[in-house]
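Let's work through a few exercises on side-chain contacts and empty space. Grab your viewer and try each task before reading the solution.

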Amino acid sequence: MIDLYTWTTPNGRKISIALEEMGLPYTAHAIDIGKDEQFKPEFLKISPNNRIPAIVDRDNGMSLMESGAILIYLGDKTGKLLPKSGEKRYRVIEWLMWQMGGPGPMLGQGHPVVKYNKGKAPYAEERYLKEAHRLYGVLNRQLEGREFVADDYSIADIAIWPWISRFEWQTIDLNQYPNVKRWYLTVAKRPAVERGYAVPKKVNEIPMPA
Ligand SMILES: N[C@@H](CCC(=O)N[C@@H](CS)C(=O)NCC(=O)O)C(=O)O
């Protein structure tokens with residue numbers, strides 16, 4: 001049994017989607033980051049960086065923060081969605097790390113600029129949009145001739161997909177990136193993704209591109 005501390009954001013949804021895909025029993029605990037609940041001392045004990053997601057594995061008492069580390073942990077624990085060894089394992093980790101260093105921080109920092117404060121900082125807007133388009137281009141090329149990011153469906157897809165689900169916030173037209181669009185729709189239709197997207201509560205339907 002896993003305790004998942006999460007909120008309705010891309011980083012949080014990565015873990016609920018992975019838990020649903022892996023069929024691991026879990027209890028979701030909502031940490032409302034809009035109400036600063038991530039700064040509560042009891043949460044800081046398991047997530048010293050005051051960010052969601054975090055987990056506690058009740059099987060061994062271990063706590064873990066950072067979504068990339070949690071995905072690797074869950075993949076190793078279940079033997080699912082992360083190959084055990086060899087090049088296939090490192091391809092998955094390679095694209096997981098790409099997400100952790102690229103789309104996560106870059107698109108995440110872009111949301112306040114291009115969605116919530118449009119017109120206030122033209123230089124920042126241009127910079128983030130340029131980087132967003134560069135990242136979408138990289139993903140589009142990686143998905144050329146591949147169904148999933150690292151060939152088989154894996155924790156790399158699960159890490160990237162929730163960030164792409166914010167394409168509207170990012171003012172990205174997915175039709176410009178046909179491989180990304182096709183992959184996005186394939187992943188969106190998975191029942192485990194639909195369930196995991198609605199954790200810890202349903203705030204909207206999964207966004208669908210035109
Ligand atoms: N690198 C971290 C990033 C986590 C993160 O940025 N979480 C956001 C929500 S998506 C958060 O908890 N924000 C609260 C805050 O900024 O205080 C991870 O991948 O787990």
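A salt bridge here is a side-chain nitrogen of Lys or Arg within 4 Å of a carboxyl oxygen of Asp or Glu. The model is a predicted one, so local features need pLDDT of at least 70 and side-chain atom pairs count only at pLDDT 80 or more, while totals for chains, interfaces and linings use all residues. Residues are numbered from 1 along each chain as its sequence is written, and side-chain values use heavy atoms, with hydrogens and water left out.

**Exercise 1.** Work out which parts of the chain the salt bridge between D76 and R89 links, and whether each partner is buried or partly exposed.

Solution.
- Step 1: check the distance. The closest N and O atoms of D76 and R89 are 3.0 Å apart.
- Step 2: place the partners. D76 sits in helix α3 and R89 in helix α4, 13 residues apart (helices are DSSP runs of H or I with at least four residues, strands are runs of E with at least two, both numbered from the N terminus).
- Step 3: look at accessibility. Buried means under 20% relative accessible area, exposed over 50%, and partly exposed in between, with a 1.4 Å probe and protein chains only. D76 comes out partly exposed at 43%, and R89 buried at 12%.

**Exercise 2.** Find the salt bridge partner of D57 and say what the pair ties together.

Solution.
- Step 1: the partner is K77, with N to O at 2.8 Å.
- Step 2: D57 lies in strand β3 (residues 54-57) and K77 in helix α3 (residues 67-78), so the pair ties together parts that are 20 residues apart in sequence.
- Step 3: D57 has 0% relative accessibility and counts as buried, whereas K77, at 33%, is partly exposed.

**Exercise 3.** Now take K88 and D152, and locate both ends of their salt bridge.

Solution.
- Step 1: their closest N and O atoms are 3.6 Å apart.
- Step 2: K88 belongs to helix α4, and D152 to the loop between α6 (122-142) and α7 (155-164), 64 residues apart.
- Step 3: D152 is partly exposed, at 48%.
- Step 4: for the bigger tally, the count comes to 14 salt bridges, and bridges that share partners join D57, D59 and K77 into one network.

**Exercise 4.** Classify the aromatic pair of Y116 and W169, and find the charge that sits over the ring of W169.

Solution.
- Step 1: set the rule. Rings of Phe, Tyr and Trp (its six-membered ring) pair if their centres lie within 6.5 Å; planes under 30 degrees apart are stacked, over 60 edge-to-face, and the rest tilted. The whole structure has eight such pairs.
- Step 2: Y116 and W169 are 5.7 Å centre to centre with 80° between the planes, which is edge-to-face.
- Step 3: Y116 is in helix α5 and W169 in the loop between α7 and α8 (178-188), 53 residues apart.
- Step 4: the charged end of K115 sits over the W169 ring, 4.9 Å from its centre (NZ of Lys or CZ of Arg must be within 6 Å of the ring centre and within 35 degrees of the ring normal).

**Exercise 5.** Which residues form one aromatic cluster, and which of their rings has the charged end of R13 over it?

Solution.
- Step 1: the cluster is made of W161, F167, Y184 and Y197.
- Step 2: R13 places its charged end over the ring of Y197, 3.9 Å from the centre.
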